[in-house]
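This report describes a single chain and the surroundings of its ligand. The sequence and the coordinates are shown first.

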Amino acid sequence: MTPDVIVTADPAFAEAALAEIAAVNGRVLHTLAPGIWAIQLPGDFFALAEQWRQQPPIFVRHICPVQTVLPLAEGVEKVVATAVTFFTHLLEPDWPFSVQTRVLGDLPIKPFDVNQPLGNQLATASGAPLDVRRPFQILSVVLAGEAAYLGLSLATNNLSDWAGGVRRFAREPEQVSRAEFKLLEALEVFAIDLPPRGRALDLGAAPGGWTRVLRQKEQYVTAVDPAWLHPSLQKDKGVRHLRLTAEEYLEQDPDTYDVIVNDMRLDARDSARLMGEYGRYLYPHGLALITLKLPEKNYQSALDHALNILRQSYTIAGARQLFHNRSEVTVYLKRKVDS
Ligand SMILES: C[S@@+](CC[C@H](N)C(=O)[O-])C[C@H]1O[C@@H](n2cnc3c(N)ncnc32)[C@H](O)[C@@H]1O
């Protein structure tokens, strides 16, 4: 039986991702690797893609269609040749495309072995420009066991523009913490444009990765954390560091902000409660981001509880388990419009 879609999630949150698949009546045909499943759908891939584009799941990170399954036994060259014939006329010639190959398990093949020949041959045969950075259309190739699963979709169909949702950023020499990637990914995934020269509050800021990213985006940052910030930020005049806990700052009549971010290492529900109290210090046009740290066990109920707490003060504009999140979910908040 041919699957309709390959679904990918963090293996640590497999149970929650499978519940999201079950909620759209998807049926697991095979587990291809931890957190990666071949799924049969009641409708077609594009119906699911549209449903999830409008209302994205939290834990499923990436989906890609399966339009043909080819045997790997005859070698990669044969897969490439057959795929060129199959997909040349399905590609829209005016739109940039890329080939995204994932190799699961320990097959003696590298993604490059498929991406390069298939991309070049399809570009020649279809006339569509190859653009791996900003593709409109993506040919997804998943090699697993004895089969190659291939499907063509628009980048906007796949929940992430990156193969399997693996979004990597280049490391910069001035980088303060790995946490920076989390904020960069959240801004991208939720398509957030920060207000020009906005006032931002960074709760749980140390050592200052998020503060550095916010500064790069021209925000004036109040960084709240009892721990020290990186020396490069201590001398930045656009950063005000308050060596306080978020609870202590609340008692000091905080300013009002355009942006509030919260990456505090706290239980999800406690952090959500504190964030709720900060809601009144966000301008009506403001936006907020919070990472909810989840326990290993019963993470779904902790998440539901934390989201319910946040809903009392905010509208939830998005919630996703991002590639750079570890045991956490990132939530995008807007101020609740008072009725
Ligand atoms: C994961 S780190 C934040 C990393 C930061 N976003 C970065 O990019 O460098 C979590 C921080 O939360 C801070 N924290 C924990 N509880 C806090 C509280 N109640 N108030 C303020 N900061 C808190 C810790 O001191 C720690 O520096």
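The text below goes from the overall fold to the domains, then to one helix and the ligand shell.

**Overall fold**

The structure is a predicted model. Its chain contains ten helices and 15 strands. For 339 residues the globule rule gives 20 Å, and the radius of gyration of the chain is 22 Å, close to that value, so the chain is as compact as a globular protein of that length. The C-alpha trace spans about 70 × 40 × 40 Å along its principal axes. Buried residues make up 44% of the 339 in the chain. Among contacts with a separation of 6 or more, 67% come from residues 24 or more positions apart.

**Domains**

The chain is split into domain 1, residues 5–165, and domain 2, residues 179–335. Taken over C-alpha atoms, the centres of the two domains are 33 Å apart. Domain 1 gives nine residues to the contact, and domain 2 gives seven residues. On the side of domain 1 that touches domain 2, six residues are nonpolar, one is polar and two are charged.

**Helix α2**

Helix α2 covers residues 45–54, and its buried residues are Phe45, Leu48 and Ala49. These three lie on the same side of α2, because they cover an arc of only 100 degrees around the axis. Glu50 and Gln54, on the other side of α2, are exposed. What do the buried residues of α2 pack against? Their partners are the strands β1 (5–9), β4 (60–65) and β8 (147–154).

**Ligand shell**

The ligand is surrounded by 23 residues. Ser177, Ala179, Gly204, Gly209 and Asp263 are the closest. Three elements give two or more residues to this shell: α5 (179–189), α6 (209–216) and α8 (246–250). By class, the shell around the ligand has 13 nonpolar, five polar and five charged residues.

The table sets the class counts of the ligand shell beside those of the domain 1 side of the domain contact.

| Set of residues | Nonpolar | Polar | Charged |
|---|---|---|---|
| Shell around the ligand | 13 residues | five residues | five residues |
| Side of domain 1 that touches domain 2 | six residues | one residue | two residues |

Key: Residues numbered from 1 in each chain as written. Predicted model: local features only at pLDDT ≥ 70, side-chain atom pairs only at ≥ 80, totals over all residues. Near = placed C-beta within 6 Å. Helix = DSSP H or I, 4+ residues; strand = E, 2+ residues; numbered from the N terminus. Nonpolar A, V, L, I, M, F, W, Y, C, P; charged D, E, K, R; others polar. Domains from an automatic or database assignment. Contact = placed C-beta atoms within 7 Å. Buried ≥ 20, exposed ≤ 12 C-beta atoms within 10 Å, placed from the backbone. Arc of directions from axis to C-beta. Rg over C-alpha atoms; globule rule 2.2 N^0.38 Å.
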